[in-house]
Amino acid sequence: MARAFLIVMDSVGAGGAPDADAFFNAGQPDTGANTLGHIAEACAAGRAEEGRSGPLRMPNLDRVGLGAAVRLASGVSMPGFDATPQGLWGAGTEISKGKDTPSGHWELAGVPVPWEWHYFPDTVPAFPEWLMKEVARLAGTEGTLGNCHASGVPIIAEHCEEHMRTGWPICYTSADSVFQIAAHEERFGLERLLKLCADIAPTLHAMKVGRVIARPFTGDCGNFRRTKNRRDFAIEPPSPTLCDWVHAAGRPVHAIGKIGDIFSMRGIDDVRKGTDAELLEHLIEAARQAEDGSLTFANFVEFDSAYGHRRDVSGYARALEWFDARVGDFLQLLRPGDLALFTADHGNDPTWIGTDHTRERVPIVASGLGAREIGHVGFVDVGASVAAHLGVAPQGPGRSFL
């Protein structure tokens, strides 16, 4: 019986979104943003030489169809990406009114978001007073810190000493529909942080805030580090997703990375977490061990979190090249009849203004179904297609491109 591997390269967009002019970074529309295209352009021009050198090299995914998918999505030809596709390839367009993690993943799994997300204003303070009082009450503290738009590392650095002295949680947000709480794993307590996030999450979800994110860190204030114990408390999808469809058919569903958090563990049997390097080892092990008829759904977040938001072009390029090399080992382990589909949930062009995600089409490339172009399809068609490959009836608006 066929197996399916749905692999989301978080933020690895391909440009060309038709509605990019309605989404903004630092007041500038996302028109023209192209994560893969601009990284390849910077590499070819010698502007991404930290820890690597020369043109961007991703021969394994290009052989499947990555370069062709980017050309279809945005009209951009990436230097050196000229392989004749040996796999299925196309470009996906999102209809949900957001360029965030839940919107992209849910729609890839067959469920467009039917509401507008709530975003906190880029003001100081960013959060209403009643919400901060509720966080403090649940935390058992006399107050909170932060209360603004910020990146995680700078705001922890700014408030670390006061946090260590008072124990008050550090609360912040971003251009995404998120509420983040940072706290020291020993001084505040990891389990206490996770419970705080779980307790406040229903209040935020009722406001249509997509995620409450626990951001634990360790070390002293001059040398702290965020840990891999991050956890996202996401609002539940509004209807059954690909995970639910497959699980209801009696098939195993294995999650790798953030997938369990994004889908609130609905329709998921087990989850493997860790750094992207650890997650790729889990994916390779799944190729060896996953049961016939199973779905393995993986997210690799560090393209986005470590390099896209930080506008680190060299780092993003290094991560792409590392990923591609290990994907070659993964592809060799696939069995006849397996489907391995690679895509993304949104863009995060590291050459772009601001630090937010960018509204882009995403590449869709797949190994195991022969060589053919599928053209422009919807995000929802990915879920329908994976379900069809597994012999499971899809629900919702998606249509299989298999």
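## Contact between H5 and H7

In this predicted model, helix H5 meets helix H7 through Trp130, Leu131, Glu134, Val135, Leu138 and Ala139 on the H5 side. The partners in H7 are Phe188, Arg192, Leu196, Asp199, Ile200, Thr203 and Leu204. By residue class, the contact of H5 with H7 holds nine nonpolar, one polar and three charged residues.

Two packed helices are described by the angle between their axes and the distance between the axes. H5 covers residues 129-139 and H7 covers residues 185-206. Their axes come within 9 Å and cross at roughly 140 degrees, which makes H5 oblique to H7, because an angle has to be over 145 degrees to count as roughly antiparallel. The crossing of H5 and H7 is right-handed.

## Contact between H1 and H12

Helix H1, residues 35-44, packs against H12 at an angle of about 105 degrees, and the two axes are 10 Å apart. This angle makes H1 roughly perpendicular to H12, because the range for that class is 65 to 115 degrees. H1 contributes Thr35, Leu36, Ile39, Ala42 and Cys43 to the contact, while H12 contributes Val313, Tyr316, Ala317 and Leu320. The residues of the contact of H1 with H12 comprise eight nonpolar, one polar and no charged.

## Annotated binding sites

An unreviewed UniProt entry carries a "binding site" annotation for Asp304, His309 and His357. These positions are spread over 54 residues of sequence but cluster in space, with a largest C-alpha distance of 8.3 Å. Asp304, His309 and His357 are also part of the lining of the largest pocket. Within this set, His309 sits in the loop that connects helix H11 (302-308) to helix H12 (313-332).

A "binding site" annotation in the unreviewed UniProt entry also covers Asp10, Asp345 and His346. Asp10, Asp345 and His346 span 337 residues in sequence, yet no two of their C-alpha atoms are more than 7.2 Å apart, so they gather at one spot. Asp10 belongs to the loop between strand S1 (4-9) and strand S2 (24-25).

## Backbone details in loops

The peptide bond from Val124 to Pro125 is cis, and its omega is near 5 degrees. Pro125 lies in the loop between helix H4 (101-108) and H5, the helix that crosses H7 at roughly 140 degrees.

Ser264 is not a glycine, but its phi is positive, at about 50 degrees. The loop that holds Ser264 runs between helix H9 (259-262) and strand S12 (270-272).

## Annotated domain

UniProt lists residues 3-392 under "domain: Metalloenzyme", again in an unreviewed entry. Over residues 3-392 the chain is 37% helix and 20% strand. The C-alpha atoms at the two ends of this range are 12 Å apart.

Note on methods: Residues are numbered from 1 along each chain as its sequence is written. This is a predicted model: local features need pLDDT of at least 70, side-chain atom pairs count only at pLDDT 80 or more; totals for chains, interfaces and linings use all residues. Side-chain values use heavy atoms; hydrogens and water are left out. Axes are lines fitted to C-alpha atoms, for helices over the stretch in contact, and angles run from 0 to 180 degrees between N-to-C directions. Helices (H or I, at least four residues) and strands (E, at least two) are DSSP runs, numbered from the N terminus. Angles under 35 degrees count as roughly parallel, over 145 as roughly antiparallel, 65 to 115 as roughly perpendicular and the rest as oblique. A crossing is left-handed if the near helix is turned anticlockwise from the far one by less than a right angle, and right-handed if clockwise. Contact means heavy atoms within 4.5 Å. Ala, Val, Leu, Ile, Met, Phe, Trp, Tyr, Cys and Pro count as nonpolar, Asp, Glu, Lys and Arg as charged, and the others, Gly among them, as polar. UniProt positions are given in the numbering used here, feature names are shortened, and annotations may be inferred rather than shown by experiment. On a 1 Å grid over the protein atoms alone, a cavity is a set of points where a 1.4 Å probe fits but cannot get out, and a pocket is an open set with protein on both sides within 12 Å along at least five of seven lines; lining residues have an atom within 4 Å of a point.
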